[in-house]
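User: I would like a close look at a single part of this protein. Please take one helix and describe what surrounds it, then add a few residues from elsewhere in the chain for contrast.

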2 protein chains.
Amino acid sequence: MAHASPTRTVEEHRDEILALVSTLPAVTLPLARCLGLTLHEDLVARLPAPPFTNSSMDGFAVRAADVAGASAERPVELPVTGDQPAGPAAASALAPGTAIRIMTGAPLPDGADAVVPVEQTDQPRGAAPLPPAVRVVEPVAAGAYVRHRGEGVPVGAPVMPAGTRLGPAALAAAGAVGYGELSVVRRPRLAVVSTGDELAAPGDALGGGTIPDSNLAMLVALATEWGADVPLAERVGDDPEVLDAVLSRAAEVADLVVTCGGISAGAFEVVRQALESPEVRFVQVAMQPGKPQGLGVLTGGPHRPVPVVALPGNPVSSFVGFRVYVRPALARLAGRDPLGETLTVQVRAAEAWRSPSGRRQYAPVRLEAPERPGEPYLARPTHRLGSASHLVGSLHLAHALAVVPAEVTQVEAGQALPAVPLPPWSPELPDQVVPAPR
Amino acid sequence: MAHASPTRTVEEHRDEILALVSTLPAVTLPLARCLGLTLHEDLVARLPAPPFTNSSMDGFAVRAADVAGASAERPVELPVTGDQPAGPAAASALAPGTAIRIMTGAPLPDGADAVVPVEQTDQPRGAAPLPPAVRVVEPVAAGAYVRHRGEGVPVGAPVMPAGTRLGPAALAAAGAVGYGELSVVRRPRLAVVSTGDELAAPGDALGGGTIPDSNLAMLVALATEWGADVPLAERVGDDPEVLDAVLSRAAEVADLVVTCGGISAGAFEVVRQALESPEVRFVQVAMQPGKPQGLGVLTGGPHRPVPVVALPGNPVSSFVGFRVYVRPALARLAGRDPLGETLTVQVRAAEAWRSPSGRRQYAPVRLEAPERPGEPYLARPTHRLGSASHLVGSLHLAHALAVVPAEVTQVEAGQALPAVPLPPWSPELPDQVVPAPR
């Protein structure tokens, strides 16, 4: 009889992969190169924000007391003694009973305690010669339109903790509090190797039993979309020695290697043949698509040991495998919580579909608006055949992967399910209802 | 009295900017370089998927009729006449009453009409010598585990329409149906120029009235995050001739130029001084932050006219301006619906805050889980002072920009508001409730 291999759960497999990876070292990079990377150290303000007391409006710096009774009928006229433009010049000094013309962001002159916006005076907005005097038609309170040094962030205040993923606004904040470069965890490098004699380069003419290699470009794109560098992306046939040589090169340039193909139950499986060893195991996972999976460490060359994840050859299987296994590994390499990037949404099945017994199904689904706002959205499999592994032609229509528990063999219309949203390359990205903070 | 400038709505300003940009030309690129770009032509299958009739399992190709009565007690034994591995070899021929060992993806031998999975035989999974015979313990229906040529996608079938933004799964689909390269709209190039004598490079020591330039790195990151190239990113002071020269260079290398700073109501506004003309207008928009805005076309050099968007100098203002004005312009340049990427979610204010009369407020907010699932999430301004323009230190904590209508001056706790979610660089990205498809 055929041998039954013990199957593991998705979580068991994922956790075993995560145990093979650890956070990469830190590097120091200029702000603009830090997009998407993770802070290695807590960021505390080196500078206060704002760094000096300044005006938040264009207008005239005054002492509030000097314009206390101003009105349109009885304006207060003050002599204007100079300009305080935004710029490197230090603050000038304001004599009582006078005004200094001031621009947004300019340092508040010593002796001033408020700014009268130009709209509350007789002066025009914009470029104009410095007037000898200004008529103020409305009083201002002390402190009006003044931003005090450090009122946003005092020196030494914590701004962002280590582990923060740096987006554009975070880069602005870091700059504002005195940083031109940051200590960040190095960007992960992912090597991708697609395997199989049956593979032809996409666009090439096919002969006999060849098929286009849909995986290589897809996996490179998945890695790039996530934010990894891809220093090696190659296609090999079924010669284990050739694969060994490519994997050796991959291990020299990458922090994680992903292969696809050559791991199934067939008689000739090149990745198994090349790699099966105490260091690299081939297993079965109770999931569909993606029952055959592999993991381990590439050793034996001049390179340091490098983790390897061996995905199935079918593109829908490798797509799901990348989502479930490779993204968390990349997150850990990058210094972040590996499960922190696994979003789930609640959906309801739009129609019935089958799911294999004993295997958790990740079904590519398209989302549709519910009948009534506030209800969960409806999930429709992107192909009537569900997530059957060969359906690469419709995968791009999916907004999410619906997750069907292993014990369910028939999803009923209306059944509640969790789903994993896919990054927003999906067509017709739907409006997002509000996310639930963790 | 001060002059009141007529203000325009956000939509009026945005639409005027959009009128300045048109879709870029198409280029042909290899699949892996197309990530995030837009299909210029409808994609129709050049190859069928699958491209030949093949096996979806590892096992034995048979005639279903030959194993019709098989059971564990009375297996059907068939002589095995050869292997059909996945690979470039063409399909062999199956004589009636025999079996051919077959692998997933291998072409189905002529004369076979089904595959018996290896688990339904007496053979082991995986690599093993070719057996002389196989015992089948369970029948299969005709067509079992067979994927027919073209059953996924027939030749000529439409696969993706022009205007599709290409994600990883779309690249796999394109490869599967015969494309190694695609005709896509060229990637937009955005030049960024930050202006102001008061600006020091982030990390540099500050003197007098200088502040760190928070904008340049942030705007470069916003553009990169969106998917644009940034061929020029420079900081200039308040000399209009220097700015002119930089803008001239920017116009030679970019499809759109974005400046920040130098456009407000102050006496010395370099961007206004350099650019105000019939071709470049400075206006006021009924929004906060971001009342002062500019737009137009850079002309007069050897370069072709290039649109320019002039944003305010305050980083929160320029962040909001990028979202509201630049992203739609980039989408149009890239061949997509400019408003198709404007997502909104419904939220409720977590607390009260003020909003300026007559101006639509875009308030950076952090989202919190509602009391009861299915209710809108709660939006809390990232700083108690609301979206006051200088609050760059807390902007990175925002999950979204809550949009407060112009006529509202006080947002009450519990008030329903739309919000624009920010791309997922936000810390602790919340779980996404299901998006509403458009």
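Analyst: What follows starts with one helix and then turns to two single residues. The model is a predicted one.

The helix is α2 of chain A, which spans residues 168–176. Nine of its nine residues are buried, so the helix is mostly covered; buried here means under 20% relative accessible area. The buried residues are P168(A), A169(A), A170(A), L171(A), A172(A), A173(A), A174(A), G175(A) and A176(A). Both chains take part in the cover. From chain A it includes the strands β3 (43–44), β11 (158–160) and β12 (181–185). From chain B it includes β16 (211–212) and the helices α3 (215–226) and α6 (315–333). Just after α2(A) comes G178(A), with a positive phi of about 110°.

A buried residue can also be found in a strand. T259(A) belongs to strand β17 of chain A, residues 256–260. T259(A) counts as buried because its relative accessibility is 0%. Apart from neighbours within four places in sequence, T259(A) is in contact with V193(A), L247(A), V271(A), V308(A), V309(A), A310(A) and L311(A).

For the contrast, take E241(A), which sits in helix α4 of chain A, residues 240–253. E241(A) has a relative accessible area of 67%, and is therefore exposed. On the surface, E241(A) gathers with D197(A), D239(A) and D244(A) in a patch of negative charge.

How values were computed:
Residues are numbered from 1 along each chain as its sequence is written. Chains are lettered from A and ligands numbered from 1 in the order in which they are written. This is a predicted model: local features need pLDDT of at least 70, side-chain atom pairs count only at pLDDT 80 or more; totals for chains, interfaces and linings use all residues. Side-chain values use heavy atoms; hydrogens and water are left out. Patches are made of residues with over 30% relative accessible area and no salt bridge: like charges are joined within 9 Å, nonpolar side chains (Val, Leu, Ile, Met, Phe, Trp, Tyr) within 5 Å. Accessible areas come from the Shrake-Rupley method with a 1.4 Å probe; for residues, only the protein chains shown count as cover. A salt bridge is a side-chain nitrogen of Lys or Arg within 4 Å of a carboxyl oxygen of Asp or Glu. Lys and Arg count as positive and Asp and Glu as negative; His and the chain ends are not counted. The place of a charge is taken as NZ of Lys, CZ of Arg, CG of Asp or CD of Glu. Helices (H or I, at least four residues) and strands (E, at least two) are DSSP runs, numbered from the N terminus. Buried means under 20% relative accessible area, exposed over 50%, partly exposed in between (1.4 Å probe, protein chains only). Contact means heavy atoms within 4.5 Å.
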